[in-house]
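I am opening a notebook page on a structure that is new to me, and I mean to look up its folding elements, its interior and the surroundings of its ligands in turn.

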Amino acid sequence: MERDCEAGFSNMTRSTLIPVLALLGLAVLGLPARTLSAEPETVERSMPPVVSTATGLLLEPALYLTNFSTADFAAASRTIGAERIHKKWTSPVVTLPPHPRQVARGLTESEVKAYMIEVRRLFDKGESVPISDVGLISTQEDVVRKPMLNHIAAFSNSVARVYLLVQRTSTDTGWSYYSIVQDLTLKSPLSYFAELQGIAVKFEGISCYKCHASGPLAIHPARADLISDAPLAVALNQHIADQPVSRFHFPAGETPPDYGKPLGLKFCTKCHEAEGDRSPLFKVHSHPIRILVDFGYMPPKRRLTPSEIAELKSWLDQKP
Ligand code: HEC
Ligand code: HEC
């Protein structure tokens with residue numbers, strides 16, 4: 001328990017190095033100490049370096065996309081239409097109009113689909129606040145092993161939180177559209193997932209659940225420079241971390257397989273369990289687990305000890 005309160009040394013290095021360097025610079029210039037009040041902002045305006053912590057959890061060597069420059073990223077990202085991205089923003093979440101009817105309990109499936117179509121329309125018209133990046137989780141391991149370009153936009157009103165993902169790999173030509181809608185009118189909110197094929201909305205479950213254990217995922221770029229607007233990512237991640245605990249919607253006609261026993265290690269179940277802040281994790285979530293722990297994002301505030309890593313590794317490697 002207490003361990004989670006300790007700041008891991010390396011996490012500390014990440015966040016203190018920049019201000020320390022800034023301090024040194026200012027000392028050299030002989031600027032008055034007062035100028036230092038600008039320092040916290042410097043930290044939030046860039047992403048910390050993205051580095052494997054060499055836990056041994058990764059199944060394939062960590063990928064740093066060395067042949068893909070910041071300029072390559074900007075050019076590839078822009079093919080969606082420059083007018084749709086890099087928006088000025090004050091809130092990372094665009095407010096949707098109030099829901100047209102009083103909802104006592106539960107949006108209908110067609111209302112959910114209508115939200116998905118509406119956010120696609122807003123994005124296409126340039127009326128959203130997208131964050132563009134090359135995503136870490138989808139790029140690593142055997143998923144694609146090449147840059148996965150994402151544009152992600154968030155929306156909400158009092159009945160729903162809605163997300164749009166516009167995605168392609170660096171070698172595809174067309175963009176695919178995906179959406180998540182969280183129905184907040186239910187006592188225990190429900191997250192719907194879909195692929196948008198033109199105006200057709202196809203609900204998906206099993207294929208999304210293996211990464212989206214608890215609904216939307218935080219934005220983590222594959223490299224600190226492969227993101228359009230770091231402060232926007234920070235603000236959006238805050239919105240995602242603050243989301244209500246939600247249940248996962250499996251569409252009619254999809255029977256989820258037996259996922260076995262949930263991960264029971266207490267340094268994870270402190271948050272990831274039935275009564276926790278996030279839903280339980282199963283073997284099917286091995287891929288995001290390996291990546292988020294190895295790159296130092298999970299647990300959020302510290303590093304696992306070598307023996308905890310060994311426990312996690314043996315759980316991940318166990319045959320079901
Ligand atoms: C291989 C893992 C993986 C799978 C499978 C996956 N996603 Fe995602 N998804 C991600 C990651 C990682 C992000 C955040 C990307 C980033 O850092 O930019 C994301 C982001 C999103 C977002 C933007 C909101 C958010 O969560 O940040 C939507 C919408 C989305 N995914 C929908 C879907 C849908 C619908 C499916 C199933 C058809 C799906 N995803 C399957 C990994 C996955
Ligand atoms: C202090 C609470 C806390 C602990 C402890 C924690 N997590 Fe998380 N985890 C979160 C939060 C909050 C998110 C969503 C926001 C984010 O990704 O930053 C998350 C997201 C994740 C995700 C993405 C899927 C999802 O549920 O959103 C995975 C996978 C994950 N954590 C794995 C782990 C593993 C493995 C451990 C143990 C080694 C762990 N976490 C420990 C709070 C925690």
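I began with the secondary structure of this predicted model, and for the chain I noted 10 helices and eight strands. I then looked up burial and found that 30% of the 320 residues of the chain count as buried. For contacts between residues at least 6 apart in sequence, I wrote down that 67% join residues at least 24 apart.

Next I turned to the interior, where the largest nonpolar core has 58 residues. M116, V119, A153, L164 and V181 are the ones with the most contacts inside this core. I followed V119 further and, leaving out residues up to four places away in sequence, I listed A153, F155, V162, L164 and S179 as the residues that V119 touches.

Which residues come closest to ligand 1? I found 26 residues around ligand 1, with I137, L165, C208, C211 and P216 as the closest. The elements that each supply at least two residues of this shell are α5, β3, β4, β5, β6 and α6. By class, I recorded 15 nonpolar, seven polar and four charged residues in the shell around ligand 1.

I made the matching entry for ligand 2, which has 25 residues around it, A218, C268, C271, M298 and P299 coming nearest. Here α7, α8 and α9 each supply at least two residues of the shell, and the largest share, four residues, comes from α9. The shell around ligand 2 divides into 18 nonpolar, three polar and four charged residues.

Technical notes
Residues numbered from 1 in each chain as written. Chains lettered and ligands numbered in written order. Predicted model: local features only at pLDDT ≥ 70, side-chain atom pairs only at ≥ 80, totals over all residues. Near = placed C-beta within 6 Å. Nonpolar A, V, L, I, M, F, W, Y, C, P; charged D, E, K, R; others polar. Core = buried A, V, L, I, M, F, W, Y, C linked by C-beta atoms within 7 Å. Buried ≥ 20, exposed ≤ 12 C-beta atoms within 10 Å, placed from the backbone. Contact = placed C-beta atoms within 7 Å.
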